[in-house]
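Here's a set of exercises to work through with the structure open beside you. Try each task before reading its solution.

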Amino acid sequence: MSISAVAKSERLSAVVSPFSIESEHIEALRTQVLAPWLAAHKRNACLRLWSMSCATGAEALSLAMAVVEALPDWQRLDIRILATDVDAGLVAQAQRGLFDEAQLTGLSPAMQLRWFKPRARHGASRLCKVQPELLSLIRYAVFEPQVKLPFSGPIDAIFCRNSMAYWESGLQQTMLASFVDLQPRRGLLCLGADERHLQPDSSYRRLGRGLFQRIQAP
Ligand SMILES: C[S@@+](CC[C@H](N)C(=O)[O-])C[C@H]1O[C@@H](n2cnc3c(N)ncnc32)[C@H](O)[C@@H]1O
């Protein structure tokens, strides 16, 4: 990512909780992926979600919270959330699951209480640690799209938000094309506000802003 893009995202994260970014995408995960998965009694199947540029981990945790809410017996099911980023330092930070309490404002007080344990206050700030059972749903890895994908499909939902916009266009197209093979029919693809100019091919139909659904099986 360019320096100006990093500066922009840091400015944004100072005023917007990373847990409230485009929450309609999390709602789509509930309605388009989790509810149909439950209704289709796919309990013996696996469910795979991917937060592709996870940064400090809020996106992957938002997916995990949606899973736990929608599927009360999640601990007995084969569910995994893959959280990757090109920056190894950020992946390590995401794995630690530590957030300043000011970053949690995008979550309801009940969710903050349920999933985050406050630590001792340091001056004006306090760190909160995410509960280990929520982290247990997530597998973290460093990911470099130029090298190779770290896993095979099918992946029921891909969250690729606010990173691809900064790649060169050939790589953007290669990446979008690779999603087609990774996703099953009805699979959800979420692109961020920074990627509004990008459009997956006709294998997807548009559901909303940055929201696409796979319509043909690979
Ligand atoms: C602005 S943050 C977006 C975080 C999160 N996806 C969101 O929308 O809130 C951009 C992230 O993309 C990551 N990134 C940039 N280029 C990447 C690449 N080629 N592969 C994976 N992650 C990348 C950066 O390291 C950074 O953590």
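Before we start: two strands count as paired if DSSP finds at least two bridges between them. Also keep in mind that this is a predicted model.

**Exercise 1. How many bridges pair β9 with β10, and which residue of their hairpin takes a positive phi?**

Solution.
- Step 1: Take the pairing. β9 and β10 run antiparallel and share 4 bridges.
- Step 2: Pick out a pair. Arg205 has Gln213 in β10 as its bridge partner.
- Step 3: Look at the connection. The hairpin leaves 2 residues between the strands, and Gly210 has a positive phi near 70°.

**Exercise 2. Work out the strand order of the sheet with 7 strands, and name its edges.**

Solution.
- Step 1: Write down the order. This open sheet reads β6-β2-β1-β7-β8-β10-β9, and its pairing is mixed.
- Step 2: Find the edges. β6 (138–142) and β9 (204–208) each pair on one side only, which makes them the edge strands.
- Step 3: Check the twist. From one strand to the next, it averages 20°.
- Step 4: Start walking in from β6. Strand β2 (residues 78–85) pairs with β6 in the parallel sense over 5 bridges, and Ile81 has Ile138 in β6 as its bridge partner.
- Step 5: Go on to β1. β1 and β2 run parallel, joined by 6 bridges, and Ser51 is matched with Ala83 in β2 as its bridge partner.
- Step 6: Ask how covered β1 is. Of its 6 residues, 5 are buried, so β1 is mostly covered.

**Exercise 3. Which strands does α2 touch, and which does α3 lie across?**

Solution.
- Step 1: Start with α2. Helix α2 packs on the sheet and touches β1 (46–51), β7 (157–160), β8 (188–191), β9 and β10 (211–214).
- Step 2: Get its direction. α2 makes about 175° with the direction of β8. Angles over 145 degrees count as roughly antiparallel, so α2 is roughly antiparallel to β8.
- Step 3: Repeat for α3. Helix α3 lies across β1, β2, β6 and β7, and runs at about 165° to β2.

**Exercise 4. Describe how α2 and α3 pack against each other.**

Solution.
- Step 1: Decide what to report. Two packed helices are described by the angle between their axes and the distance between those axes.
- Step 2: Fill in the numbers. Helix α2 (residues 23–39) and helix α3 (residues 58–70) pack at about 40°, with their axes 10 Å apart. That angle makes α2 oblique to α3.
- Step 3: Add the handedness. The crossing of α2 past α3 is right-handed.
- Step 4: List who meets whom. From α2 come Ile26, Leu29, Arg30, Leu34, Ala35 and Leu38; from α3 come Ser62, Leu63, Ala66, Val67 and Ala70.
- Step 5: Sort the contact by residue type. The split is 9 nonpolar, 1 polar and 1 charged.

**Exercise 5. What is the order of the sheet of 3 strands, and what is its average twist?**

Solution.
- Step 1: Read the order. This open sheet runs β3-β5-β4, with antiparallel pairing.
- Step 2: Name the edges. They are β3 (98–100) and β4 (116–122), each pairing on one side only.
- Step 3: Get the twist. Ignoring direction, neighbouring strands are turned by 30° against each other on average.
- Step 4: Zoom in on a pair. β4 and strand β5 (residues 125–130) pair in the antiparallel sense over 5 bridges, and Pro118 stands opposite Cys128 in β5.

**Exercise 6. Glu22 and Arg186 have a positive phi: where do they lie, and are they buried or exposed?**

Solution.
- Step 1: Recall the background. Most residues other than glycine have a negative phi.
- Step 2: Take Glu22. Its phi is positive, about 40°, although Glu22 is not a glycine. Glu22 lies in the loop between α1 (3–15) and α2.
- Step 3: Check its burial. Glu22 has 20 C-beta neighbours inside 10 Å, so Glu22 counts as buried.
- Step 4: Take Arg186. Its phi is positive too, about 75°, and Arg186 is not a glycine. Arg186 lies in the loop between α7 (169–182) and β8.
- Step 5: Check its burial. With 16 C-beta neighbours inside 10 Å, Arg186 counts as partly exposed.

Terms used. Residues are numbered from 1 along each chain as its sequence is written. This is a predicted model: local features need pLDDT of at least 70, side-chain atom pairs count only at pLDDT 80 or more; totals for chains, interfaces and linings use all residues. Axes are lines fitted to C-alpha atoms, for helices over the stretch in contact, and angles run from 0 to 180 degrees between N-to-C directions. Angles under 35 degrees count as roughly parallel, over 145 as roughly antiparallel, 65 to 115 as roughly perpendicular and the rest as oblique. A crossing is left-handed if the near helix is turned anticlockwise from the far one by less than a right angle, and right-handed if clockwise. Two residues are in contact if their C-beta atoms, placed from the backbone, lie within 7 Å. Ala, Val, Leu, Ile, Met, Phe, Trp, Tyr, Cys and Pro count as nonpolar, Asp, Glu, Lys and Arg as charged, and the others, Gly among them, as polar. A residue is buried if 20 or more other C-beta atoms lie within 10 Å of its own, exposed if 12 or fewer, and partly exposed in between; C-beta atoms are placed from the backbone.
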